[in-house]
Amino acid sequence: MLSPLADSGGGGPGSGGFRKRKHDNFPHNQRREGKDVNSSSPVMLAFKSFQQELDARHDKYERLVKLSRDITVESKRTIFLLHRITSAPDMEEILTESEVKLDGVRQKILQVAQELSVEDMHQFHRAITTGLQEYVEAVSFQHFIKTRSLISMDEINKQLIFSTEDNGKENKTPSSDAQDKQCGTWRLKITPVDYLLGVADLTGELMRMCINSVGNGDIDTPFEVSQFLRQVYDGFSFIGNTGPYEVSKKLYTLKQSLAKVENACYALKVRGSEIPKHMLADVFSVKTEMIDQEEGIS
């Protein structure tokens, strides 16, 4: 006697056999071929326009990522150049050279501003935030060397307003021609988060500047840096956990830099008179290694 399941291969909904796939009821040629789709229908035309818009947006995002990398590289080179100022005989020459490099970085930022001239910057912020933070770090580092003070976000943004005279032929993009004729200016605003993160990174460069100054026998710069870092740390402490996650994350690194600079000032103040200037750097480096080991153990 045959099992009931053996006779129910094509049974109805109540049968216990295998169910047919939904498209098994359609002819083979109608399942495989989509010739009946009208490419000029309103739906297809709409989706083609969506595709073009998304492709253009992705291409713009990639261009902004490449520009951000260039801004980061050139800003780092400017910072490395500024570190030479502690050992260079002519400080003004290095400051002038750093200004030329920063002008080149601003030309890259001009291209970013042109790309975002008709776009919402926050939609592409992730693509450019790394470069903007590095630029803030370089500009604030140069400003501190000149004035021993912190540059404000408004001063940075004033430097990022460009006119048609600043725009070279190689920087023009087709999407910005219409705006060129209307207003003739481009601008890019540094966001508060980019500014705060750039200033937080600045503290590490100031700590390295302090080390180099001690090695060159300069006992005034460490105390100036220590006072400045203490003020910056107090300002970040007011933000606390209410700010962005990245800011609170970099607060620990800022605290480490401040501790190293304060220990250098302590060694200079207490033992500076009894240690030759050419040996101060060695004493400070030993102190720094001890701090790092204690933090690693804790």
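**Exercise 1. A salt bridge across the chain**

Task: In this predicted model, which parts of the chain do Glu119 and Arg57 tie together?

Solution:
- Step 1. Find the contact. The side chains of Glu119 and Arg57 form a salt bridge, at 3.8 Å from N to O.
- Step 2. Check the distance. A salt bridge needs the nitrogen within 4 Å of the carboxyl oxygen. The 3.8 Å of this pair fits that cut-off.
- Step 3. Place both residues. Glu119 sits in the loop between α3 (91-115) and α4, and Arg57 sits in helix α2, so the pair ties together parts 62 residues apart in sequence.
- Step 4. Look at the accessibility. Glu119 has 27% relative accessibility and counts as partly exposed. Arg57, at 30%, also counts as partly exposed.

**Exercise 2. Another bridge, another loop**

Task: Where do Glu224 and Arg148 lie, and how many Å separate their closest N and O atoms?

Solution:
- Step 1. Read the distance. The closest N and O atoms of the Glu224 and Arg148 salt bridge are 2.6 Å apart.
- Step 2. Place the partners. Glu224 belongs to helix α8 (residues 221-239), while Arg148 is in the loop between α4 and α5 (153-158). The pair therefore ties together parts that are 76 residues apart in sequence.
- Step 3. Check the accessibility. Glu224 is partly exposed at 35%. Arg148 is partly exposed at 32%.

**Exercise 3. From one bridge to a network**

Task: Which residues are linked with Glu99 in a network of salt bridges?

Solution:
- Step 1. Start with one pair. Glu99 and Arg106 form a salt bridge, with their closest N and O atoms 3.4 Å apart.
- Step 2. Widen the view. A network of salt bridges links Glu99, Asp103, Arg106 and Lys146.
- Step 3. Sort the first pair by accessibility. Glug99's entry is 25%, so Glu99 counts as partly exposed. Arg106 is at 8%, so Arg106 counts as buried.
- Step 4. Set this in the whole chain. The salt bridge count comes to 13.

**Exercise 4. Two glutamates from the record**

Task: Why can Glu137 and Glu205 be said to gather at one spot?

Solution:
- Step 1. Go to the record. An unreviewed UniProt entry lists Glu137 and Glu205 under "binding site".
- Step 2. Compare sequence and space. The two residues span 69 residues in sequence, yet their C-alpha atoms are no more than 8.6 Å apart, so they gather at one spot.
- Step 3. Place each residue. Glu137 is in helix α4 (residues 125-147). Glu205 is in helix α7 (residues 192-215).
- Step 4. Decide: buried or exposed? Buried means under 20% relative accessible area. Glu137 has 4%, so Glu137 counts as buried. Glu205 has 11%, so Glu205 counts as buried too.
- Step 5. List the contacts, leaving aside neighbours within four places in sequence. Glu137 touches Ile79, Gly198, Asp201, Leu202 and Glu205. Glu205 touches Ile79, His83, Glu137 and Phe141.
- Step 6. Add the polar contact. The side chains of Glu205 and His83 make one at 2.7 Å.

**Exercise 5. Another polar contact in α4**

Task: Which side chain makes a polar contact with the side chain of Thr129?

Solution:
- Step 1. Locate Thr129. Its place is in helix α4.
- Step 2. Check the accessibility. At 14%, Thr129 counts as buried.
- Step 3. Name the partner. The side chain of Gln133 makes the polar contact, at 2.9 Å.

**Exercise 6. Surface and interior**

Task: Phe47 and Trp186: which is buried and which is exposed?

Solution:
- Step 1. Take Phe47. This residue lies in helix α2 (residues 42-83). Its relative accessible area is 53%, and the cut-off for exposed is over 50%, so Phe47 is exposed.
- Step 2. Look around Phe47. Val43, Phe47 and Phe50 form a nonpolar surface patch, with about 330 Å² of accessible area together.
- Step 3. Take Trp186. This residue lies in strand β2 (residues 185-187). Its relative accessibility is 2%, so Trp186 counts as buried.
- Step 4. Find a spatial partner. The C-alpha atoms of Trp186 and Thr164 are 8.3 Å apart, with their positions 22 residues apart along the chain.

**Exercise 7. The whole chain**

Task: How many helices and strands does the chain have?

Solution:
- Step 1. Count the elements. The chain has 10 helices and 2 strands.
- Step 2. Read their order. From the N terminus, the elements run α-α-α-α-α-β-α-β-α-α-α-α.
- Step 3. Look at burial. Of the 298 residues, 36% are buried.
- Step 4. Look at the surface. The chain exposes about 18500 Å², and carbon and sulfur atoms supply 53% of this area.

How values were computed
Residues are numbered from 1 along each chain as its sequence is written. This is a predicted model: local features need pLDDT of at least 70, side-chain atom pairs count only at pLDDT 80 or more; totals for chains, interfaces and linings use all residues. Side-chain values use heavy atoms; hydrogens and water are left out. UniProt positions are given in the numbering used here, feature names are shortened, and annotations may be inferred rather than shown by experiment. Helices (H or I, at least four residues) and strands (E, at least two) are DSSP runs, numbered from the N terminus. Buried means under 20% relative accessible area, exposed over 50%, partly exposed in between (1.4 Å probe, protein chains only). Contact means heavy atoms within 4.5 Å. A polar contact is a pair of N or O atoms within 3.5 Å; within protein, one must be able to donate a hydrogen and the other to accept it, and residues adjacent in sequence count only if both atoms are side-chain atoms. Patches are made of residues with over 30% relative accessible area and no salt bridge: like charges are joined within 9 Å, nonpolar side chains (Val, Leu, Ile, Met, Phe, Trp, Tyr) within 5 Å. Accessible areas come from the Shrake-Rupley method with a 1.4 Å probe; for residues, only the protein chains shown count as cover.
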